[in-house]
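Thanks for coming, everyone. Let me put the model on the screen, and then I will walk through it.

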Amino acid sequence: MDERYNPREAEEKWQKFWAEQKIFETRDDAPGEKYYVLAMFPYPSGRLHMGHVRNYTLSDVVARYRKALGYNVLNPMGWDAFGLPAENAAIEAGAHPRKWTHSNIDAMRAQLQSMGLAIDWSREIATCDPEYYKHEQKMFLDFMKAGLAYQKESWVNWDPVENTVLANEQVVDGCGWRSGVPVERRKLTQWFLKITDFADELLDALDTLEGWPDRVRLMQENWIGKSRGLQMRFHITQGDAPAEHIEIFTTRPDTLFGASFMALSPDHPLTTALAEKDKKIADFVTECHRQGTSEAALEQAEKRGVDTGLTVKHPFEDREIPVWVANFVLMDYGTGAIFACPAHDQRDLDFARKYGLSVIPVVLPEGEDPATFTVGDEAYTGEGTLFNSDFMNGLDVAEAKKSVIARIEKSGDGEGTVTWRLRDWGVSRQRYWGCPIPVIHCKDCGIVPVPEDQLPVTLPEDITFDKPGNPIAHHPTWKNCTCPSCGKDAERETDTFDTFFESSWYYARYCDPHNENAAFDRAKVDAWCPVDQYVGGIEHAVMHLLYARFFNRALKKCGYLGFDEPFKGLFTQGMVTHETYKDEKGKYLFPSEVDLSKGREKAVKLSDGTLVKVGRIEKMSKSKKNVVDPNEILETYGADAARLFILSDSPPERDLEWTEGGIEGAWRFVQKLWRMISAPQTALAAKDTSLPGNTDAAAQEVLEAMHKTVHQTGQELDRLHFNKAVAHIRAFANTLADYDTSGKADGAVLRRGFETLVKLAAPVMPHLAEELWRVLGHETPVSLAAWPKVDKKYLVSDQVTIAVQVNGKLRATVTLPRDTDKKIAEDIAMKEPGVKKAIDGKTVRKVIVVPNRIVNVVV
RNA sequence: GCGGGCGUGGCGGAAUUGGUAGACGCAACGGACUUAAAAUCCGUUGGGCCUUGUGCCCGUGGGGGUUCGAGUCCCCCCGCCCGCACCA
């Protein structure tokens, strides 16, 4: 027997074994209840990063654990293979996106396989393959038929130098990332999906997603943003306007008497009309368009505006309100126009202070005097009583809202309405590396869907990236076609789909991945779905997960499948972080370039011995160089040690700090298990020896610990508390290592302990577990073994140690039989010397006894 | 700016969900083994105080509150992170 465990040999051996024996290939009709575990599929960047390793370790442990529990587990993998980086590589390195992507996939698949994942590779998919995307072209045509897809104009970031549409990511401080010139906004006609049709349903169904983290549900709720309010018209009284009134939406109709100005979005039709005659307004609008399209950019910009000279009449008071154009009013929300009440809205207040507009408080916080209450630089947005508000005076905010809505409705100037923050999903992208949108533009017939028998519309292969803009649009012949309707010359749509399109249905494709005729067989998908446990990054909390929830409903509406929610359980993991290092010149260094052996204060550069500054712990990123290459880790320590470390310390939902010490510690534990079980101190009993009826106290303790560990480990794995599961496994390994083997039954007890330990460790360290399982004499793999059973009689000890406090401070502990009578427990506790001392000379006022927990004496 | 989250020893974290704060591990220090090193094993390890105990006081980002009892619940503040609709 080797003294040291050699992960490289063992891992390769078992990975080969699993693949050859098809251990993890899933049959639809295999016995056991179905369990679908899914990790968010990766973008094939070419190299695995630690975030991937963490993600797939988590889902893999779930898959292996569920398999051991007897479930028929589906754990597939694929590639989110369309996207910008492939085009960037084409521009920068001249690589063809298809070749670049496929070679990346090959490299990453090999890396994933070296992690020893229990994945059914026979179901692998890549979204850039026409066999995949042809089905989503069909889906889009079905969505068109169902009225779920339509075209409208919307804004894009435009780089005036590169003549290209930019992604938000490509806009840095308002400028194009390559050109460095300020971006402009342009309107383009684009395709949209009617996610807003499902807004109510998507919101209401959040309550049913009990397997989701509350915070994600809350984020989605806020994103959908259902709000009740008042939509009403203000009549224009002065100024040269091509309209008679301004339609606004507000969620704070109660503050109507505090209105001090109206604000129009720079993109409001009225603004556009006014700008034609007024250069000041036109200039302001142009200026506003010199910003990115992202909401964050808009809202973080300094509040600015321009007075239109128009005024409107206050509906209840004899006063005129000035109308401004303001950069913080979003055209996409409500009606694109608001009335501003600076006293009770921070944005309005900032604006009012800047332009010297009046601030009229109308909600009085509790305890304030209406005569003296003023608003300074902070708007008051809390509850209170209305004042300065005529018929609403004395009402609270909720009552006031109802009251004013009723009045406005009666006057015919508006009505109480519901508005959503959620906007329809724009799916058009002016890019090459995406799924072509299957429509044809005909001069006579307009938009004509590509006939289904002509699908897929495949991407042209012979493209060049020498010109800026979308290479498909530049292609000499690709877009030329004949109109399916009238037969005349026509042009193909050159936009491609947003890559969220592909990731909105891949979970269903895995259930029937090789179906050529349809996206999937409905019966298969309905049998496997919903996904029981979805695992991925918190960064997808809103968009990807909301789009997929919508898409699933759209598919249901079109008859593709029969359920609403695609993901029953969701787990969002934290990021992987690492210390950062900078050299004397302030340049970032890779961890592998730094010598930390003399401590963090004396860190030096390996190459020349110069001092290195150890910086903050941050998310691993190429730019900060604080990355650790999974390949190196897997080669040095093996997959099992890497998996163990990833699962060990940090709770999976929190950030994980990658440390050299941590992976070393995991490596030591792998070796410790190997030593302990492969070369036991006491000879083990033969395989299948049953435990003798009477064991000594030491053996009894081991068995008790064993059953408790099985119970706790299972419970923690059920809850995805992997760090705690690992702690229990380690603690039990310590128990076995400390086991004083001098009683009669030791060989049998020790064997039972080892076998249990190996089974518990198997989901975490699968290769080591297989190797040890064989050492213990088993011929069938542990990956097919059942999870150990708990004997409940070992779970409850008959003695409990409880704390005795005096005035909440610990003064003694006493060990009592379980469920000791309250009075007896009190009496025993009172006799403790520490307790006597603490209550000496004081009167006992009360004694609180919580059975099996605590005794607290109040003096 | 808006929405969501996190904060416990030197470090990652645990705490039966309001009941003995620091499980499990990392690092450090001391010791054993060794010609030496590696590996391994044993011990100590939140801070402070002294009368060194079976001791006392302080301690869960900061401040306040509720409670017999608060890391846990409530209010305010600080710091960091994620998302914001064309990165995936």
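I will go through the RNA strand, then some strands and loops, then the aromatic rings.

Ground rules first. This is a predicted model, where local features need pLDDT of at least 70, side-chain atom pairs count only at pLDDT 80 or more, and totals for chains, interfaces and linings use all residues. Residues are numbered from 1 along each chain as its sequence is written, chains are lettered from A and ligands numbered from 1 in the order in which they are written, and side-chain values use heavy atoms, with hydrogens and water left out.

Start with the RNA. How many residues surround RNA strand B? The count is 66, and the closest are D80, N168, R431, K724 and N856. Near here means that a heavy atom of the residue lies within 4 Å of the strand. Which part of the RNA faces the protein, going by atoms within 4 Å? Sugar or phosphate supplies 66% of those atoms, and bases supply the rest.

Now some polar contacts. The term covers a pair of N or O atoms within 3.5 Å; within protein, one must be able to donate a hydrogen and the other to accept it, and residues adjacent in sequence count only if both atoms are side-chain atoms. E299 puts a polar side-chain atom 3.3 Å from a base nitrogen of RNA strand B. Q300 does so at 3.3 Å from a base oxygen. R811 goes to the backbone of the RNA: an N or O atom of its side chain is 3.4 Å from a phosphate oxygen.

N856 takes us to strand β37. Helices (H or I, at least four residues) and strands (E, at least two) are DSSP runs, numbered from the N terminus. Strand β37 covers residues 854–858, and 4 of its 5 residues are buried, so the rest of the structure largely encloses it. Buried means under 20% relative accessible area, exposed over 50%, partly exposed in between, with a 1.4 Å probe and protein chains only.

What does β37 pair with? Two strands pair if DSSP finds at least two bridges between them. With β34, residues 799–806, the pairing is parallel over 4 bridges. Here Q805 stands opposite N856. With β36, residues 846–850, the pairing is antiparallel over 5 bridges. V850 has I854 as its bridge partner. The β36–β37 hairpin has 3 residues between the strands, and N852 takes a positive phi near 65 degrees.

Next, N807, in the loop between β34 and β35. N807 is partly exposed at 45% relative accessibility. Contact means heavy atoms within 4.5 Å. Leaving aside neighbours within four places in sequence, N807 is in contact with N856, V857, V858 and V859. R423 is another matter: N807 and R423 are 57 Å apart, C-alpha to C-alpha, and 384 residues apart in sequence.

Compare another loop residue. N470 sits between β22 and α13. Is N470 buried or exposed? Buried, at 7% relative accessibility. Its side chain reaches the backbone oxygen of T494 at 3.0 Å. N470 also touches Q430, R431 and Y432, not counting residues up to four places away in sequence.

One open sheet next. It has 4 strands in the order β6-β5-β9-β19, with antiparallel pairing. β6 and β19 stand at the edges with a single partner strand each, so one side of each has no neighbour in the sheet. β5 and β6 share 3 bridges. W158 stands opposite V165 in β6.

Last, the aromatics. Rings of Phe, Tyr and Trp (its six-membered ring) pair if their centres lie within 6.5 Å; planes under 30 degrees apart count as stacked, over 60 as edge-to-face and the rest as tilted. That rule gives 43 aromatic pairs. Take F351 and Y355: centres 4.8 Å apart, planes at 50 degrees, so the pair is tilted. They are 4 residues apart in helix α11, so about one helical turn separates them. F351 is buried at 0% relative accessibility, while Y355 is partly exposed at 27%.

Ring pairs also build a cluster, with W191, W425 and Y547 among its members.

Two arginines finish the tour. A charge sits over a ring if NZ of Lys or CZ of Arg is within 6 Å of the ring centre and within 35 degrees of the ring normal. R407 lies over the face of F391, 3.9 Å from the ring centre. R730 lies over F669 at 4.5 Å.
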